[in-house]
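Welcome to this set of exercises. Have the chain open in your viewer, try each task yourself, and then compare your steps with the worked solution.

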Amino acid sequence: MVKVLCSNHENTDGDVKSYAQENGQVFVLETAHTTYAFCVRESGHLEHLYYGEKIDVHYDLSAAVSSKCKYPGGNLVNYSKEYSSLTLETLCQEISSVGKGDVREPFCVIEHVDGSYTSDFVFDSFEVHEEFIKSDFVVDENDFTQEGTAEITSENSMVQLTGLPTAHHPTQQLVVHMKSLGRNVFMDLYYEIYEDCDCITRSCQVRNQEDGKITIHRLMSAQVDFRDCDYEMMHFSGAWVREMTPETIPVSRGKIINSSSTGTSSNRNNPFIILKRSDTNDDHGKCFASNLIYSGNHYECAEVGSFGKLRFVTGINPNGFSYGLSAGETFVTPQAVITFSENGLNDLSHHMHEFVRNHIVRGMWAKKERPVLLNSWEAAYFKFDEGKLLKMARNAAKAGCELFVLDDGWFGNRNDDTKSLGDWTCNMQKLPGGLKGLSDKIHGLGLQFGIWVEPEMVNVDSECYRTHPDWAVDIPGMNHSEGRNQRILNLTRTDVRDYVVEEMTKVFSSADINYVKWDMNRIFSDTYSDEFADQDISQQEFLHRYVLGLYDILERLTRAFPEILFEGCASGGNRFDLGILCYMPQIWASDNTDAWCRAGIQTGYSYGYPMSVVSAHVSGCPNHQTLRNTSIETRFEVAMFGCLGYECNLADMSEEDRERIYQQIALYKKLRPVLFTGDYYRINNGKRTYFGDEVYEWICVSKDRKNAVAFQMHNMAVPNMPEVTFQAKGLDDSVVYHMSNRILKYNVKAFGDLINAVSPIHVKQDSITHRIISKFVKMDGETEDITASGSVFNHCGVALHQNYGATGYDNEVRYYQDFSSRIFIFEAVEV
Ligand code: DGJ
């Protein structure tokens, strides 16, 4: 909750501003386990006091904590004669600006009507809002069609931001109004509290009440000034098929910048970051995290200034960005979400997971388990016809899939990736009955039907481009660069947005479509909008206006088709962010379906995002991205931790593999409730063991802690390793659990010519005899059957059967080659 504390207990009927300044008013934001506090200094500046574990705060916090610097030295800038001891460069602040002595990373840079860049924002007034009002961007999960309103209906209602998606159902909102001294430029700081998950969102609005135009060159969403700099930054970088690789670097004098310039939130650097103490690990220690509810260029900077304090800012990337505000206009930043934990990174992740599940994802699918799907992409790419798809779908239905997804290639002349984006009419040669015909047949098999679209794009070789070349983003008269042979539609234009909404409305209504995969396969180049010149809009506004245009489209379409399950995708994880998740409850996390790579990528996402929003598929072998061979069981065991799908041609698979898939899906459906809603813990995040192999281990524990599912995977078989253990996390110490594994059978061929060690006749490897024997002889895998208390599993760890090591094999030995994995299932038992 928000507490406003003052040294002077008398009620103020007078001037809020001078009262707050004279009395050192303290604003305290409390969540279940954290406290965030700042105060108004005599000068009117907001001094950041504290963000960390919950503390007992009284009005005297500012006297105890705020800066006591009286005679600032050397060449620091003294703020004013009246406040000569105040130097903004040394002060922890809620927002910083330029021109008044603070030379660290600014929160805002504004070019004023007179051309000056100096701003000096001081406290003006505040409001605390309790009542939650649905904005246009918040849709109740129980009543998706209900129209929201952004109007303020009572004095105590939350002011909603517009144009950008926002988190929903905060506990309370604090709005602090600031004014730039000597100017008619105002800034409103929004703080929203999410008590249940220990998160706070911050955002801000600038209002221009000058007579002329001002230009925003930078406006961050959040700033947190830490009083020391003993931190490390953990960030998540990568590229296509290499998303979310964590790296930890100590912050030191100077700056660490994590940003994106692709026009999307990007697979280069995700906007989610962590700042932690160097001794913090998954289970212990203090840590702070931040993410941005935004899908465009972002910027996170950790700067250690000359006085040993760490400043963190996050917001829209100021590089290449500016935004003009004419008289009376306002600009709103995206919300940043911040959280703190004193209990390590797993706990920090839980805060973010709950925030995403309860306050970001919305609509009918928010709390609904996701269907197991079969996607046609890696199974067929562009080469399919209705017969081939139906064959795949029949096998999918038999295996227990619930949804069939027709990926790229169903429209126009789309037989490769050079043409037809923009022409959203069904290719009748491939699908003679159109989408409707196919969808009816798919539904007839008992499956839901989904399709792929990439509505933001156009190929030059398309009817759409031939008719409307001006709709594509380019700079007239200049050479244009393309990505994946395609151009981007100019979503800053209303007519283009209307076209996209109309076309997609036609497609989504043309058949019984239950799921849509919304793809976006290139990054921006040659950004320019012809229209801007006539309207005195800077081209530096282009990328932000594009993102707003995209949100407008997504808002309209998700509202019009509330029952469709939308999945975001941008060549995999090139736009995996909280902005997209406000409209689409899940995102295709990576085009990399290799099980080992995926274990790493999914672990990376797990720091900031719940697995319930991460789509993960079992694909063919050798893997199409790495040519690596992994078993169908390992591929499943990695994918089942996300929203499970299959992306391979089931029709072409062996009967044995199809049977395995049938069993996998049956098991997944039983475990899905725990996996979808449980608390996910990283046990090992790719750690190199003593033996030189690397291990991933996760566990997902149901909210009532009666059930859990755990995963273990090593990249290398280690010879002569007789002892294998597994230690859990998150189980209830006082509960007794039965732990079992999936009991598998192994094809005798998997042992190669070792068959001759037991066979009475010599069997030539891969011979017909070998193949015939392998049809009938299956080797039993190990059975784990352990009953122990949660405290034994959590703190002591249990012994598993040993791995195969050339010294004998039976059902008390694990068949454990390179890239093997195991699933362990925990059930609470009465004793
Ligand atoms: C990129 C996506 O990430 C893939 O899954 C697939 O949908 C292709 N685009 C289709 O072009």
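**Exercise 1. A sheet of six strands**

In which order do the strands of the open sheet of six strands stand, and with what pairing?

*Solution.* Keep in mind that you are looking at a predicted model.

Step 1. Go through the sheet strand by strand: the order is β31-β32-β33-β42-β35-β38, and the pairing is antiparallel.

Step 2. Now look at the edges. β31 (679–688) and β38 (785–789) each have a single partner strand, so one side of each is left without a neighbour in the sheet.

Step 3. Check how the strands are turned. On average, neighbouring strands of this sheet are turned by 15° against each other, direction ignored.

Step 4. Zoom in on one pair. Strand β33 (residues 707–714) and β42 run antiparallel and are joined by seven bridges. Follow V709 across to β42, and you will find its bridge partner, I825.

**Exercise 2. Helices across the sheet**

Find the strands that helix α12 lies across, then do the same for α14.

*Solution.*

Step 1. Start with helix α12 (residues 595–606). This helix lies across β31, β32 (694–701) and β33, and it runs at about 55° to β32.

Step 2. Move on to α14, which lies across β31, β32, β33 and β42. Its angle to β33 is about 100°.

**Exercise 3. A sheet of four strands**

Work out the order of the open sheet of four strands and name its edge strands.

*Solution.*

Step 1. The order is β1-β2-β3-β4, with antiparallel pairing.

Step 2. β1 (2–5) and β4 (46–53) are the edge strands, since each pairs on one side only.

Step 3. Neighbouring strands here are turned by 15° against each other on average, direction ignored.

Step 4. Count the bridges pair by pair. β1 and β2 pair over four bridges in the antiparallel sense, and K3 stands opposite V28 in β2. Five bridges join β2 to β3, again running antiparallel, with F38 in β3 as the bridge partner of F27. Strand β3 (residues 34–40) is joined to β4 by seven bridges, and V40 stands opposite L46 in β4.

Step 5. Look at the link between β2 and β3: these two strands form a hairpin, with three residues between them.

**Exercise 4. Buried or exposed?**

Are the residues of strand β2 buried or exposed?

*Solution.*

Step 1. Recall the cut-off: a residue is buried when its relative accessible area is under 20%.

Step 2. Apply it to β2 (residues 26–30). Five of the five residues are buried, so the strand is largely enclosed by the rest of the structure.

Step 3. Take the faces in turn. V26, V28 and E30 are buried on one side, and F27 and L29 are buried on the other, so to speak a strand with both faces covered.

Step 4. Try the cut-off on another residue, D577, in the loop between β27 (565–568) and α11 (578–581). D577 has 0% relative accessibility and therefore counts as buried.

Step 5. See what surrounds D577. Leaving aside neighbours within four places in sequence, D577 is in contact with S265, P271, Y294, S295, I587 and Y609.

**Exercise 5. The largest pocket**

Describe the largest pocket: its volume, its lining and the classes of its residues.

*Solution.*

Step 1. The volume of the largest pocket is about 740 Å³.

Step 2. The lining holds 30 residues, and I632, E656, D657, R660 and N747 lie nearest the centre.

Step 3. Ask which elements take part. Those giving two or more residues to the lining are α13 (632–639), α14 (655–677), β36 (745–747), α15 (768–776) and β42 (821–828). α13 gives the most, with five residues.

Step 4. Sort the lining by class: seven residues are nonpolar, 10 are polar and 13 are charged.

**Exercise 6. Cavities**

How many cavities of 30 Å³ or more does the structure hold?

*Solution.*

Step 1. The structure holds eight cavities of 30 Å³ or more.

Step 2. Pick the second largest cavity, which has a volume of about 120 Å³.

Step 3. Its lining has 15 residues, of which H45, L88, Q93, I95 and S97 lie nearest the centre.

Step 4. By class, this lining has six nonpolar, six polar and three charged residues.

Technical notes:
Residues are numbered from 1 along each chain as its sequence is written. This is a predicted model: local features need pLDDT of at least 70, side-chain atom pairs count only at pLDDT 80 or more; totals for chains, interfaces and linings use all residues. Side-chain values use heavy atoms; hydrogens and water are left out. On a 1 Å grid over the protein atoms alone, a cavity is a set of points where a 1.4 Å probe fits but cannot get out, and a pocket is an open set with protein on both sides within 12 Å along at least five of seven lines; lining residues have an atom within 4 Å of a point. Grid points are joined across faces, edges and corners, and a volume is the space filled by probe spheres set on the points. Ala, Val, Leu, Ile, Met, Phe, Trp, Tyr, Cys and Pro count as nonpolar, Asp, Glu, Lys and Arg as charged, and the others, Gly among them, as polar. Two strands pair if DSSP finds at least two bridges between them. Axes are lines fitted to C-alpha atoms, for helices over the stretch in contact, and angles run from 0 to 180 degrees between N-to-C directions. Contact means heavy atoms within 4.5 Å. Buried means under 20% relative accessible area, exposed over 50%, partly exposed in between (1.4 Å probe, protein chains only).
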